[in-house]
Amino acid sequence: MTHFDALETRNADQRAADLARDLPAQVARARALPGYAETLKEVDAAGVTDTDALARLPVLRKADLGRAQGAHAPLGGFTTKPAAGFAHVFQSPGPIYEPGGVEHDWWRMGRFLHAAGLGKGDIVQNCFGYHLTPAGMIFESGARAVGAAVLPAGTGQTELQVTAARDIGTTAYAGTPDYLKVILDKADEMGARLAITRAVVGGGALFPSLRQEYADRGIACLQCYATADLGNIAYESPAMEGMIVDEGVIVEIVTPGTGIPVPPGEVGEVVVTTLNPDYPLIRFATGDLSAVLPGESPCGRTNMRIKGWMGRADQTTKIKGMFVRPEQVAALVDRHAEIVKARVVASREGEMDAMTVRIEASGGDADAFSRSVAELLKLKGAVEIVSPGSLPKDGLVIEDQRSYD
């Protein structure tokens, strides 16, 4: 199969050169916007030419968007044109408002659909929602980019979905991983023969057993990782070895609650910078966990790969009636030069909550660490000093060992 474009197969030198050209321009674009008036005002955009320089910029969180949209309604001052200048404005839970465009592959979903083998001659039954939230339009724009026709089905009315798929000759499904099974089971019940041979899914976990069930029915199912704010972030190819990062974004994996990149291969929070000139989100924290997968995909695409969705980075946990947040743990590490890493463990002693703070440190004052724990976490707990490198590299800074069964 040919690739979507030449960007997918760039060598490392060309990719770095393109980044050195495109990233400073995007940071400069963002720096001029009201939403970044405080956080980027001292930044020399011309010097942000690689991911090392990017990692020194502040992280932008979903909560920051919500607050900014209250001051600069409706889009928070993060877009380069007003709301009326976009084709669509969407509302996600919060509420958070997101812009959308109809220019060629604005959400960059065509790359994923192409990798999944969709193109001219296909009819995509798009079962993502079209109302208020952008998922339906995101996948529709991807289908348009590869030349496929779309049945804008949304969710629900499964019997009508089966009838339409049969009558129209739908060849591909787009939607959450589990809803396709609902359609297929209803088709079996109705005695309807469907022509679906490919599925492109997102918005939920694709369990191996479900993927295998689709394969047993003759349907090749691939998944992507996308958000309402960023569009497509990463996607599977037929090689099915991790997810390939999209060419229109820069992905970093950082310690949860901080903007500090983790060593290659370690689990951390996914932070994304988009190169979309209309909506230049810089170091946007997704709240999701993943890890970099070394090497390149066997399919020939050369961009960085991640292991896919590995849970949520927001590990906020209530202990003894108080919330403990990853940012508080990060502040503890920052306060003491001797501390390399810290991990809060919530457990039970009898019928009471207990907190243990395990600290990787070479030297340092244990009593000083305990005082900082009480001050920063607002709770007293046991402090255990362990040797550097001994804490698990699983992305957790707060571990809840309590059973809720």
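Which residue forms a salt bridge with Glu 189, and how far apart are the closest N and O atoms? Select Glu 189 and Lys 186: these two residues form a salt bridge (a side-chain nitrogen of Lys or Arg within 4 Å of a carboxyl oxygen of Asp or Glu), with the closest N and O atoms 3.2 Å apart.

The model is a predicted one, in which local features need pLDDT of at least 70 and side-chain atom pairs count only at pLDDT 80 or more, whereas totals for chains, interfaces and linings use all residues. Residues are numbered from 1 along each chain as its sequence is written, and side-chain values use heavy atoms, with hydrogens and water left out.

**Stop 1: helix H7**

Keep Glu 189 and Lys 186 selected and display helix H7, residues 179-190. Helices (H or I, at least four residues) and strands (E, at least two) are DSSP runs, numbered from the N terminus. Glu 189 and Lys 186 are three residues apart in this helix, and therefore about one helical turn separates them. An α-helix has 3.6 residues a turn, so residues three or four places apart point the same way. Glu 189 counts as exposed because its relative accessibility is 62%; the classes are buried under 20% relative accessible area, exposed over 50% and partly exposed in between, with a 1.4 Å probe and protein chains only.

**Stop 2: Glu 247 and the salt bridges**

Next, select Glu 247, in the loop between S9 and S10. Is this residue buried or exposed? Glu 247 counts as buried, because its relative accessibility is 8%. Add Arg 10 to the selection: its side chain meets that of Glu 247 in a salt bridge of 2.6 Å, N to O. Arg 10 belongs to the segment before helix H1 (12-31), while Glu 247 sits between strand S9 (243-245) and strand S10 (249-254), so the pair ties together parts that are 237 residues apart in sequence. Both partners are buried.

Now add Arg 15, whose side chain is joined to that of Glu 247 by a polar contact of 2.6 Å. A polar contact is a pair of N or O atoms within 3.5 Å; within protein, one must be able to donate a hydrogen and the other to accept it, and residues adjacent in sequence count only if both atoms are side-chain atoms. Leaving aside neighbours within four places in sequence, the residues in contact (heavy atoms within 4.5 Å) with Glu 247 include Leu 7, Glu 8, Arg 111, Leu 275 and Asn 303.

For another salt bridge, select Asp 353 and Arg 348, where the closest N and O atoms are 2.7 Å apart. Arg 348 counts as partly exposed, because its relative accessibility is 42%. Then display Asp 5, Glu 8, Arg 108, Arg 111, Asp 246 and Arg 301, which salt bridges with shared partners join into one network. The whole structure holds 35 salt bridges.

**Stop 3: Gln 161 and Ala 174**

Select Gln 161 in helix H6, residues 158-168. Gln 161 counts as buried because its relative accessibility is 5%. A polar contact of 2.8 Å joins the side chains of Gln 161 and Gln 125.

Move to Ala 174 in strand S5, residues 172-175. Ala 174 is buried, with a relative accessible area of 1%. Not counting neighbours within four places in sequence, Ala 174 is in contact with residues including Val 124, Gln 125, Cys 127, Phe 139 and Val 200.

**Stop 4: the two domains**

Colour domain 1 (7-312) and domain 2 (317-400) separately; these bounds come from an automatic or database domain assignment. Their centres, taken over C-alpha atoms, are separated by 35 Å. Eight residues from domain 1 and eight residues from domain 2 make up the contact.

Between them the domains bury about 610 Å², 64% of it on carbon and sulfur atoms. Buried area is the accessible area (1.4 Å probe) that two parts lose on being put together, summed over both. Select Pro 256, Glu 266 and Val 267, which supply 57% of the area that domain 1 buries against domain 2. How many salt bridges are there between domain 1 and domain 2? The count is zero.

**Stop 5: helix H9**

Finally, select helix H9, residues 326-335, where Pro 326, Gln 328, Val 329, Ala 330 and Leu 332 are buried. Among the elements that cover these buried residues are strand S17 (339-349), strand S18 (352-361) and helix H10 (366-377).
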